[in-house]
2 protein chains.
Amino acid sequence: MWTIIEDTFNPASQHHKETIFTIGNGYLSTRGAFEEGYPGEHRATFLHGVFDDAPIVFTELANAPDWLAFSIWIDGERFTLTQGTIETYSRRLDLKCGLLSRSILWASPGGKRAEITFERFVSLAHEHLVFQRVRILPFFDGTVEVRGSLQGCVDNEGLTHWQRIDQGTRDDVTYLRMHTRSTRIELVEAMRFLEWEGEAQIWDADYSPTRRFFTAAREGQALTWVKAAAIYTSRDTSHPLDSALDDARKAQGWEAALEENRKAWQNEWDQCDILIEGDDESQLAVRFSIYHLLIAAPRNDDRVNIGAKTLSGFGYRGHSFWDTEVFILPLFTFTRPEIARNLLNYRFQRLERARAKARANGFEGAQFPWESADTGDEVTPTWVPHFSDRTRLVRIWTGDIEIHISADIAYAAMRYWQISKDDEWFITRGAELILDTARFWTARAEFNPAMNRYEYHDVIGPDEYHDHVDNNFYTNRMAKWNIQAGLEVWSWLRTNARSRADELAASLKIDESSLSKWREVAEKIYLPAPVEGVIEQFDGYFARKFIDLAALEPRDISAQVLFGIEGCNETQILKQPDVLMLMYLLGENHSLEILKSNYDFYTPRTDHNYGSSLGPSVQAILACRLGRVEEAFEHFLRAARADLFDIRGNAGDGIHAASAGGIWQAVVFGFAGLQITTQGWSTTPALPNHWKRLSFRFKLGGQVQIVDLIPTK
Amino acid sequence: MWTIIEDTFNPASQHHKETIFTIGNGYLSTRGAFEEGYPGEHRATFLHGVFDDAPIVFTELANAPDWLAFSIWIDGERFTLTQGTIETYSRRLDLKCGLLSRSILWASPGGKRAEITFERFVSLAHEHLVFQRVRILPFFDGTVEVRGSLQGCVDNEGLTHWQRIDQGTRDDVTYLRMHTRSTRIELVEAMRFLEWEGEAQIWDADYSPTRRFFTAAREGQALTWVKAAAIYTSRDTSHPLDSALDDARKAQGWEAALEENRKAWQNEWDQCDILIEGDDESQLAVRFSIYHLLIAAPRNDDRVNIGAKTLSGFGYRGHSFWDTEVFILPLFTFTRPEIARNLLNYRFQRLERARAKARANGFEGAQFPWESADTGDEVTPTWVPHFSDRTRLVRIWTGDIEIHISADIAYAAMRYWQISKDDEWFITRGAELILDTARFWTARAEFNPAMNRYEYHDVIGPDEYHDHVDNNFYTNRMAKWNIQAGLEVWSWLRTNARSRADELAASLKIDESSLSKWREVAEKIYLPAPVEGVIEQFDGYFARKFIDLAALEPRDISAQVLFGIEGCNETQILKQPDVLMLMYLLGENHSLEILKSNYDFYTPRTDHNYGSSLGPSVQAILACRLGRVEEAFEHFLRAARADLFDIRGNAGDGIHAASAGGIWQAVVFGFAGLQITTQGWSTTPALPNHWKRLSFRFKLGGQVQIVDLIPTK
């Protein structure tokens, strides 16, 4: 179960399929748009870190010049799926090596038939190289013409980010040099044909340098073209043109390059694969999720992060959220710690901007932005146009008050340290993330003298259906955890890295007086007592209107759309259940009994299908802990199908990266019940009934651990 | 004095010069960007009516695919002014026939020298045809390569509006078909080389179809290429491709086409020229202004209007304001009434949308949008990003409350009728514009029972430094004029076009009761009594802070920037003087004495240099009326230099169309003192001392009138 297959062409699912069939290597990704183009396509190649300014959203990943452009003339008629007859069609993505192929038996409007096969991969072995092979098997005698281009005329849904610098041909390499309009990042693409048929021409038309081949076609005689391109930016080197020309010149043949790529992929899968026997759908969905996180994972760059839609679509513009630390990171922390470290280093390097954000709000410490891109400044849009009244604007508050992300980042740093036991990193980098967020939470806490406690007012928790709330349980509890973690880290550092502790004491102004303030706040952060076992999500939640969600079925819109932003805020309906989320992250602090009462209370109040795509996997894990395996599997499937089946209808905007990461967690922490203990690790399997085997590897302190669960019936 | 000359190349004035050197024919305009391109250029071709959706500004003229693209290789080195040596440089715009030429003696970095001459014009004789000639005189033996393209990769300052449909070559015509993203307007450009040197190739690269010529160069032997292109959109015909191919095929040679164009221009100048002897600068500036209005004037399309920056730049996105009716229209009303009629028809056709706007605000009648584009809906941006704080937005109120435009349009319709005596048009169209705006003003008036009068609250007058004011004199007085005009028109219609009157009575619900309401409101609209001869611009103006503007000199920013939007609002500083503006339009109602007292009061309070570009020409006219000719001339020069000398620093955004129209008015109504009387017309010359002759023509009731003023000293 390694192959995603599409065997009919349906233009209505064009954007969904472009997302599904994205290929990538952690340096760049290319959506599954057709080589020859198709009307309305959301064609895109994104490179990590290549952001440019944009109205409203401040900055976005710039859709790069299109290395894939390839057009075909069958005896003078341009090949396009908008015309002629599609006699057979099949598209396959081989997850094992990131090879995307498409084969069409096409009859032109004029009646000429040919089988056309496209293949593409971006090399995981050499991340600046991309490859394309086109094979044409004509069923006629006549001519075939093909044109392979570097297409600089690209845009982000109408916004163009690229300006041409120059272009040209050196020997057999044709290149295009452009830079982004505002951020002035230079990008060079250099292409070379490794195999070709026919007489070659170079068309050096501005923005669209093209190699054109014209050849006779004989019935039954296959024709093959292989195009390689090398891609560099000024983020990678000060001489991107030289590097791109050089790499393009040295590019090996298709087979050799593919083999090298295969090996690199094998190495990834050896570390990250999850084997599920007895359930093909789950097996494929799990590998699909891992694949999409692997192709988005920066291996050689710790100045970038993974966006909420990976590099696979225009959604959220490449911005990163808590999705990375809480949902995506565990896969890497447990299987590819080097990647987890890169992602955490991205945050570490942006501590200065997090401090600036805290400072601007009047606080000490580090307050990370809700949405983060290149600089580490807050890039959540503050205002967006109202969806129906064009003269109105809607204020987006998450960038101002969804503050829990600072604790989430600290949590992920701590977790990475615990699993990797990477003390060197923790001393030089991780500790500071935890200490400086602890400072923020201490400063941000508001003392309520009447109750002699600290509170956090006017926040948004993970459940974004309710904003401007006080004492959100998730936020308060994570704040407490963060400050306590700060105290623990501090005492560990003082013992184990004295000089670093002295350094941080000076730079973060940590002294006995500040530490005693940390202790006081942590101790007195308000956490509501359970009422009949149920913890109130925020002050006043219980008094909000109960809505019987089951009675609203069937429905195909979110509760927020159904009731309106304000209307939904007044109900108990949850986008995702904050209290359960907290019990997942800090499970050791809550008994099974209290988990059960909260699960039973909050689950029917949650908009599982159309609320947050982050919810279902966590729901599955908690259901496993409660021994409700079939229910867990139902939630798991909801996550597993989010992108493959586009059940939320928005997969065209890009992969739900947090959901993909959640799927891995659901299998590992839910069905396998993996727990890290002081002695090592343990599993508490709760496999779905039909699963015959669940097997995977992870690393603990750098050592590979093997989990292989085979239920005995 | 027919030629605008630039004889050195200064990249710092690139955008200003692109505006100045715009060519056009009332169907399209092309900015004076270099054929071969230059970094940072604001290259653009705009077609009337070709709008597409855009964020914040709702809609904008879409910068069309570039018909001008032409690149040159001198013995293998690409010609560009960014490299090599510019030995001589000259650019000339011949206003007499709209021919732009540029000649450069260039030495390549490699030392090859050539004289390169570019010429271009868009045909006034055949508005779908554009022509380009390139001549190269090599001073070396070697090769010359040129590439002429249709470049589809274009944008509006980062926003791309065009999607490729297809492209190709039929016989010797190469075409590119695209459509706008949202409004789906199809546009076809088809090019053909009428003269060429060297071996021709067609490079059919997507978005950038190119004809490439490669030839040997011999020292001293000139080489010539002539490229013609035909441009059609789906606004013109249901088969734009056929029309474009057809026209391109039939395009005549350069000389013949230029001659035809010259004749068409001669015909325009015969009607519109103003001759000034004794003052070359004024002569050239006046012709320059007329030229820019003539190239923006739709001759064969009454579904479009002229934007505040004509078709010459990105400023104001092609939107039309009162600038058309009050500043631009008089030139056409008096010299080219057919064009004036087209522009008024544009408003007439959008009455339905004006009614919808009134209705949405709770009023009867027609309320025209402050900014108008294709549909006639209000397209003033409601919010724009704050210039320094990116999280803030600034609310733009003009679209809500700068309501005087409805009266301005009615005024222009009345004026057109009076001058053209075009009763047929007035009966079928013009009358309704006046009647339905009269209804609006009646409905919009607020009764103040304490004072037994009608008032208009919360408006913005022409002086936009003060917003949300009550009883703006300009607005109140124009409202009164409009309602009175409605009553007059109604009684004229009842007598002269009874059946049309019946029709309008039904559709506009005009009956005795509504007419008596009109009478009552018109009579009781509050107009403040002069205080020591000075009329207060709006309630409370006199109490605002006086600022001694002279004491702030020298300054190079507007008072609004100096004091801030709010700060300026609290002072008496005017962007333009509303009371004087009103006395210009309705001069017959005010004595010279009261004009003088208001002129003397408001003039020193006006930000002449950096306030509204609409002000200086009106100021000049009123100064003439007061016999202050030298002062008038100073204001006139301020208008005349706005674009030619870029004295406001923003000419790069496009021609100040209202200022250009104002210049014509300043000469005709100011210095010549033309007045239309019941008997015919008269002049009251007030020529600047050094003017030896002022001569022009205009039409009254379709008859050509000649004014020829030669002062006797």
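Helices here are DSSP runs of at least four residues, numbered from the N terminus. With that in hand, some points on this predicted model.

1. **Nonpolar patch, chain A.** Helix H14 of chain A spans residues 559–563, and Val561(A) lies in it. Val561(A) is exposed, because its relative accessibility is 58% and the cut-off for that class is over 50%. Together with Ile557(A) and Leu562(A), Val561(A) makes a nonpolar surface patch. The patch covers about 240 Å².

2. **Relation of the two chains.** Chain A superposes on chain B with an RMSD of 0.1 Å. The operation is a rotation of 180°, with 0.1 Å of shift along the axis. That is how a two-fold axis relates two copies. Which C-alpha of chain A is nearest the axis? That of Leu159(A), at 2.2 Å. Both copies use the same surface: of the contact residues of chain A, 100% recur in chain B.

3. **Salt bridges overall, and one between chains.** Over all chains, the structure holds 118 salt bridges. One of them joins Asp206(A) to Arg78(B), with the closest N and O atoms 2.8 Å apart. This pair crosses between chains. On the chain A side, Asp206(A) sits in the loop between strand S17 (199–203) and strand S18 (210–217). On the chain B side, Arg78(B) belongs to strand S8, residues 77–78. Are the two partners buried or exposed? Asp206(A) counts as buried, at 16% relative accessibility. Arg78(B) is partly exposed, at 22%. The two values fall in separate classes because the buried class ends at 20%.

4. **A buried pair within chain B.** Glu36(B) and Arg102(B) form a salt bridge, 2.7 Å from N to O. The partners are 66 residues apart, so to speak from distant parts of the chain. Glu36(B) is in the loop between strand S3 (28–30) and strand S4 (45–47) of chain B. Arg102(B) is in strand S10, residues 99–107 of chain B. Glu36(B) counts as buried, with 8% relative accessibility. Arg102(B) is buried as well, at 3%.

5. **A partly exposed pair within chain B.** Asp400(B) and Arg395(B) also meet in a salt bridge, with 3.0 Å from N to O. Asp400(B) is partly exposed, its relative accessible area being 31%. Arg395(B) is partly exposed too, at 21%.

6. **A salt-bridge network in chain A.** Shared partners join several salt bridges into one network. Its acidic members are Glu352(A), Glu364(A), Glu432(A), Asp436(A) and Glu503(A). Its arginines are Arg355(A), Arg439(A) and Arg500(A).

7. **A sheet in chain B.** Three strands form an open sheet in the order S2-S3-S4, with antiparallel pairing. Which strands stand at the edges? Strand S2 (23–24) and S4 of chain B do. Each has a single partner strand, so one side of each is left without a neighbour in the sheet. S3(B) and S4(B) pair over three bridges, in the antiparallel sense. Leu28(B) has Leu47(B), in S4(B), as its bridge partner. Strands of a sheet pair through backbone hydrogen bonds.

Technical notes:
Residues numbered from 1 in each chain as written. Chains lettered and ligands numbered in written order. Predicted model: local features only at pLDDT ≥ 70, side-chain atom pairs only at ≥ 80, totals over all residues. Heavy atoms only, no water. Salt bridge = Lys/Arg side-chain N within 4 Å of Asp/Glu carboxyl O. Helix = DSSP H or I, 4+ residues; strand = E, 2+ residues; numbered from the N terminus. Buried < 20%, exposed > 50% of the residue type's maximum accessible area, 1.4 Å probe, protein only. Least-squares fit on C-alpha atoms with pLDDT ≥ 70 in both. Contact = heavy atoms within 4.5 Å. Patch = residues over 30% accessible without salt bridge, like charges linked within 9 Å, V, L, I, M, F, W, Y side chains within 5 Å. Areas by Shrake-Rupley, 256 points an atom, 1.4 Å probe, with all protein chains shown as cover. Pairing = 2+ DSSP bridges.
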